[in-house]
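Q: I'm new to this one. Could you take me up close to the place where the two chains meet, and explain the terms as you go?

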Protein chains: 2
Amino acid sequence: MTQIPHDHPRYKSLITREMAVEGVKKGITSTQGLIAQGRGEAFDYLIGEYSTESAKEAERAATAHLLLAKKPVISINGNTAALVPDEMVELSNIIKASLEVNLFHRSRDRIDRIIEHMESHGAENVLGRKGDSVLDLSHDRRMVDHEGIYSADVVLVPLEDGDRCEKLSEMDKVVIAIDLNPLSRTSQCADVTIVDNITRAFENMLQYADEMKNLNYDKLREIVDSYDNNRIITLAIDEITTWLSKFSKESGTKRL
Amino acid sequence: MTQIPHDHPRYKSLITREMAVEGVKKGITSTQGLIAQGRGEAFDYLIGEYSTESAKEAERAATAHLLLAKKPVISINGNTAALVPDEMVELSNIIKASLEVNLFHRSRDRIDRIIEHMESHGAENVLGRKGDSVLDLSHDRRMVDHEGIYSADVVLVPLEDGDRCEKLSEMDKVVIAIDLNPLSRTSQCADVTIVDNITRAFENMLQYADEMKNLNYDKLREIVDSYDNNRIITLAIDEITTWLSKFSKESGTKRL
């Protein structure tokens, strides 16, 4: 891995980038996954590379949904496996969720490598090899495990594509998306849209899960019922425009 | 290359992505280059994936600068070689510019491969192998050819990093940057900042070069002197905020 000095102002972002590149070398992240990583970097840069208050609110509601779920599943792809393997295992343990590998660029080899990688990070019974149920989609993400995503009531889909998000939503599942682009179809169709970097999102959700795991049904229900995803998405977009306008004014002064 | 249907609404963007992935397979584009491609995609999406009026104004001024130059150089990296090889050769022929390979992740092998690739697209005398002059920078982009970038008066740097852009600017060269992020250090320090996708930017500059190649010195000078880069950057940022605000309102309605 390229050495990044710890005091670099964008240390976290650069380390995350290197982890994605390592993921490609290990054969778990696709080359297209690197492009997705770059898109995420750009949006993260535009929200200021921190967890906004609205993102934290979404993360709190997401955690409540996951704790209330009868059958929660965390969907894994080549990017999340490279970036947050420990965090996914830890969250799945607290909320008693299954982990399922689901790839846009699906290959048996890559599924096996990701499952082995997750196992080396302490995961057990990772689903995704069977693909014995099929969603009505034209690409490989249609193949899901019957005992996993297909029959789940709440699905956490970090870095999801829009098609599948819509399909899962039509199946009346609660869809929680982590997507740095608040305008994407995924962001627009999810029940809870977390506009945050996945490394920060998992860190925050782990903290919320720890704080909230002993709350009773009514308390969790209250958090879920009072959550307004439209408001959160609008706030995320406003966050970017405010930042851009501020920058535009400041840089105009600097450049005079 | 993955087949993309011609009628896909984002055909051009997807084809460009596939070309970058092909570039990695050929050993001319770096894996980090794919992440840069993704960052570009995100910003392109935010300006609406078209050449804005302000981008065209910058492209026109850039072309005038290149036509006025005594010693113009077009800097090539692993992404531009994959995406616009023919266009770089064609532009260099019209404006009588040298082509020079200059890489952030420099290796002799990759330089050779990029030069061979450019030659297969009709380029002659591609510079970049010597690296016999050194800019005061901490990374490999410091190594430039004395007869090329080092002694150039106008440098076109598509997809440049901020450090080198500042250094070239300090050396009193006219720096023309193509960068989809109007907030980047490169965009902020260049003399002409083209906030546009490189495929569209080259297409437009080729058209301008063809229209303007017979203009006399005074006419070209007038175009250059009346150009205000601060205004162009501010317009590019405004373009994004306007688009986001519009989206925010519309999607708020749709989601109600």
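A: Here is a walk through that meeting place, followed by a short look inside one chain. This is a predicted model, where local features need pLDDT of at least 70, side-chain atom pairs count only at pLDDT 80 or more, and totals for chains, interfaces and linings use all residues. Residues are numbered from 1 along each chain as its sequence is written, chains are lettered from A and ligands numbered from 1 in the order in which they are written, and side-chain values use heavy atoms, with hydrogens and water left out.

Let's start with the overall numbers. Chain A puts 36 residues into the contact, and chain B puts in 36 residues as well; contact here means heavy atoms within 4.5 Å. Between them the chains bury about 3100 Å², 67% of it on carbon and sulfur atoms. Buried area is the accessible area (1.4 Å probe) that two parts lose on being put together, summed over both.

Now for the helices, which are DSSP runs of H or I with at least four residues, while strands are runs of E with at least two, numbered from the N terminus. Two packed helices are described by the angle between their axes and the distance between the axes. Those axes are lines fitted to C-alpha atoms, for helices over the stretch in contact, and the angles run from 0 to 180 degrees between N-to-C directions.

Take α1(A) and helix α2 (residues 31-47) of chain B: their axes come within 10 Å and cross at roughly 120°. The two are therefore oblique to each other, as angles under 35 degrees count as roughly parallel, over 145 as roughly antiparallel, 65 to 115 as roughly perpendicular and the rest as oblique. The crossing of α1(A) with α2(B) is right-handed; that term applies if the near helix is turned clockwise from the far one by less than a right angle, and left-handed if anticlockwise. R17(A), E18(A) and V21(A) do the touching from α1(A), with T31(B), Q32(B), I35(B) and R39(B) on the α2(B) side. By class, that makes two nonpolar, two polar and three charged residues. Ala, Val, Leu, Ile, Met, Phe, Trp, Tyr, Cys and Pro count as nonpolar, Asp, Glu, Lys and Arg as charged, and the others, Gly among them, as polar.

Next come α2 (residues 31-47) of chain A and α1 (residues 11-25) of chain B, whose axes come within 10 Å and cross at roughly 120°. α2(A) passes α1(B) in a right-handed crossing. Here T31(A), Q32(A), I35(A) and R39(A) meet R17(B), E18(B) and V21(B), giving two nonpolar, two polar and three charged residues.

What about charge pairs? Side chains of opposite charge can pair when their charged atoms come close. A salt bridge is a side-chain nitrogen of Lys or Arg within 4 Å of a carboxyl oxygen of Asp or Glu. The rule finds two of these across the interface of chain A and chain B, while the structure holds 32 over all chains. E41(A) also joins R39(B) in a salt bridge, at 2.8 Å from N to O.

Finally, look inside chain B. Helix α5 (residues 85-95) and helix α9 (residues 198-212) of chain B pack at about 25°, with axes 10 Å apart. That makes α5(B) roughly parallel to α9(B), and their crossing is left-handed.
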